[in-house]
Amino acid sequence: MTSRTLVAGGEPAGLTLAQGALWTYLPGMGGLMLSCREGTVWLTREGDREDHVLKAGDALQVEGRGRVVVQALDPSRLCLAPTPRSESSRTREGLLMGALGVVAFSLTLPATRVAVPELGSTVVGLGRALVAAVLAGLLLAVRRERLPERRHWMGLARVAGGVVVGFPLLSALALRHMPASHSAVLVGLLPAATAVAAVFRARERPSWSFWLSALAGLGCVLGFALAQGAGQPTGGDALMLLAVAAAAVGYAEGAVLARELGSWRVICWALVLAAPFLAPVVALSVGPEMLSASPLAWLGLGYVSAVSMFLGFFAWYRGLALGGVARVSQLQLAQPLLTLGWCALLLGEPVGHGTLGAAVLVLLCVFTGVRSRVRVTPR
């Protein structure tokens, strides 16, 4: 007998089983409608006290997260159709995934600040993408993924330009002229920029209440920065603003692609696509002085490579795709305050006593923004 295992999200439209063959389903993302078109199958699932026998014409709705095992009593053909999830369920998971992504990204600037002085802005800004591209290539090879369709290539190029090259390089260059705490304040502009990008690319139309809460949150972040003296213009401000614009475009484009390709495939293919262009630039920037870099600098490069540039996007793009780009992006209003906390804890950079009050105000704006109505217009 043969056994096949399938995870939710990868269900085929049809499945043919020889007599005695087994098929296992691991539900993790919604339900499944299983219809028997030919033959007879026996079905058992965790949490169900009764087993089921389905004959031609029978159907069964599979819900929950328990393992489902199907065995063909005769040569059989099944039809599998995923059950549409409710909008509220998609939004909740999107916000959870988005929050995980924000926590992962909140350590990016402190880690970059630690690594840049010893390893250089080019190695940290672009080298992280090469390390992440190796991880992405291995994952794609293990899963034997096919190349994306040609219609997706331009979108992947925009993702690569925005979040693989643009934001990492520009932010690394900016951090040569400013502390991480100051750059974190400018990242507070990213949620508003991403919401604007969502209007043009993801065809989302946020309500007026959304824009008001987004502007209020932006005002809290910038007001907090000015009150703490972190908002004084520096030579790296322009670079950081360009980095924010690049990230906003990459976020919106990646969310659109994630709805078709899946979040992890988007960042993996974007990294692999960019790697051949990045390798020569990074190779020219590698020098013998890097061998004397401290373990802390290498740890910073390791974090921005494996987490900021790779794993964090698994959660972030999935969150944007499920919960909506404009809505989930507002979670990043909390990122500057998280980053300031990391800067104080890990780098010893001073953070004023008003951080807690600002955090409460920002979180209230985030709460209002994520609950506001966002309409998606048809293509």
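Q: Contact means heavy atoms within 4.5 Å. In this predicted model, which residues of helix 10 do Ser263, Trp264, Val266, Ile267, Cys268 and Leu271 of helix 9 meet?
A: Helix 9 covers residues 263-285 and helix 10 covers residues 295-323. The helix 9 side of the contact is made by Ser263, Trp264, Val266, Ile267, Cys268 and Leu271. On the helix 10 side they meet Met309, Phe310, Phe313, Phe314, Tyr317 and Arg318.

Q: How many residues in the contact of helix 9 with helix 10 are nonpolar?
A: Ala, Val, Leu, Ile, Met, Phe, Trp, Tyr, Cys and Pro count as nonpolar. The contact of helix 9 with helix 10 has 1 polar and 1 charged residue, and its nonpolar residues number 10.

Q: What is the orientation of helix 9 to helix 10?
A: Two packed helices are described by the angle between their axes and the distance between the axes. For helix 9 and helix 10 the angle is about 140° and the axes are 7 Å apart. Angles over 145 degrees count as roughly antiparallel, and 65 to 115 as roughly perpendicular. The angle for this pair makes helix 9, relative to helix 10, oblique.

Q: Is the crossing of helix 9 and helix 10 left-handed or right-handed?
A: Handedness depends on which way the near helix is turned from the far one. For helix 9 and helix 10 the crossing is right-handed.

Q: Is the aromatic pair of Phe105 and Phe313 stacked, tilted or edge-to-face?
A: The protein has 7 aromatic pairs. In the pair of Phe105 and Phe313, the ring centres are 5.1 Å apart and the planes are at 55°. Planes under 30 degrees apart count as stacked and planes over 60 as edge-to-face. The pair is therefore tilted.

Q: How many residues apart are Phe105 and Phe313?
A: Phe105 lies in helix 1 (residues 87-105), and Phe313 lies in helix 10. Their pair links distant parts of the chain, and the separation is 208 residues.

Q: What is the arrangement of the aromatic pair of Phe105 and Trp316?
A: The centres of the two rings are 6.0 Å apart, with 75° between the planes. Planes over 60 degrees apart count as edge-to-face. The pair of Phe105 and Trp316 is thus edge-to-face.

Q: Is Trp316 buried or exposed?
A: Trp316 in helix 10 is 211 residues from Phe105 in helix 1. Buried means under 20% relative accessible area. Phe105 falls under that limit at 4%. Trp316 has a relative accessibility of 0%, so Trp316 is buried.

Q: Which residues form one aromatic cluster?
A: Phe105 and Phe313 make a pair with ring centres 5.1 Å apart, and both residues are buried. They belong to one cluster, whose members are Phe105, Tyr251, Phe313, Trp316 and Tyr317.

Q: Which residues does Thr112 touch, not counting residues up to four places away in sequence?
A: Thr112 lies in helix 2 (residues 108-119). Thr112 has a relative accessible area of 1%, so it is buried. The residues that Thr112 touches are Val124, Arg128, Ala172, Leu175 and Val304.

Q: What is the orientation of helix 2 and helix 3 to each other?
A: The axes of helix 2 and helix 3 (residues 121-142) come within 7 Å and cross at roughly 130°. This angle is neither over 145 degrees nor in the range 65 to 115, so helix 2 and helix 3 are oblique.

Q: Which residues of helix 12 contact helix 2?
A: Helix 2 packs against helix 12 (residues 335-347) at an angle of about 40°, with the axes 8 Å apart. That makes helix 2 oblique to helix 12. Leu109, Pro110, Arg113 and Val114 of helix 2 contact Thr339, Trp342, Cys343 and Leu347.

Q: Which residue has a positive phi of about 55° although it is not a glycine?
A: Most residues other than glycine have a negative phi. One residue with a positive phi is found in the loop between helix 3 and helix 4 (153-174). At 75% relative accessibility it counts as exposed. This residue is Arg144.

Q: What distance separates the C-alpha atoms of Tyr25 and Val70?
A: Tyr25 is in strand 3 (residues 22-26) and is buried, with a relative accessible area of 1%. Val70 is 45 residues away from Tyr25 along the chain. Their C-alpha atoms are separated by 8.3 Å.

Q: What percentage of the residues in the protein is buried?
A: The protein has 13 helices and 11 strands. Of its 379 residues, the buried part is 51%.

Methods: Residues numbered from 1 in each chain as written. Predicted model: local features only at pLDDT ≥ 70, side-chain atom pairs only at ≥ 80, totals over all residues. Heavy atoms only, no water. Axes fitted to C-alpha atoms, helices over the stretch in contact; angles between N-to-C directions. Helix = DSSP H or I, 4+ residues; strand = E, 2+ residues; numbered from the N terminus. Parallel < 35°, antiparallel > 145°, perpendicular 65-115°, else oblique. Phe/Tyr/Trp six-rings, centres within 6.5 Å; stacked < 30°, edge-to-face > 60°. Buried < 20%, exposed > 50% of the residue type's maximum accessible area, 1.4 Å probe, protein only.
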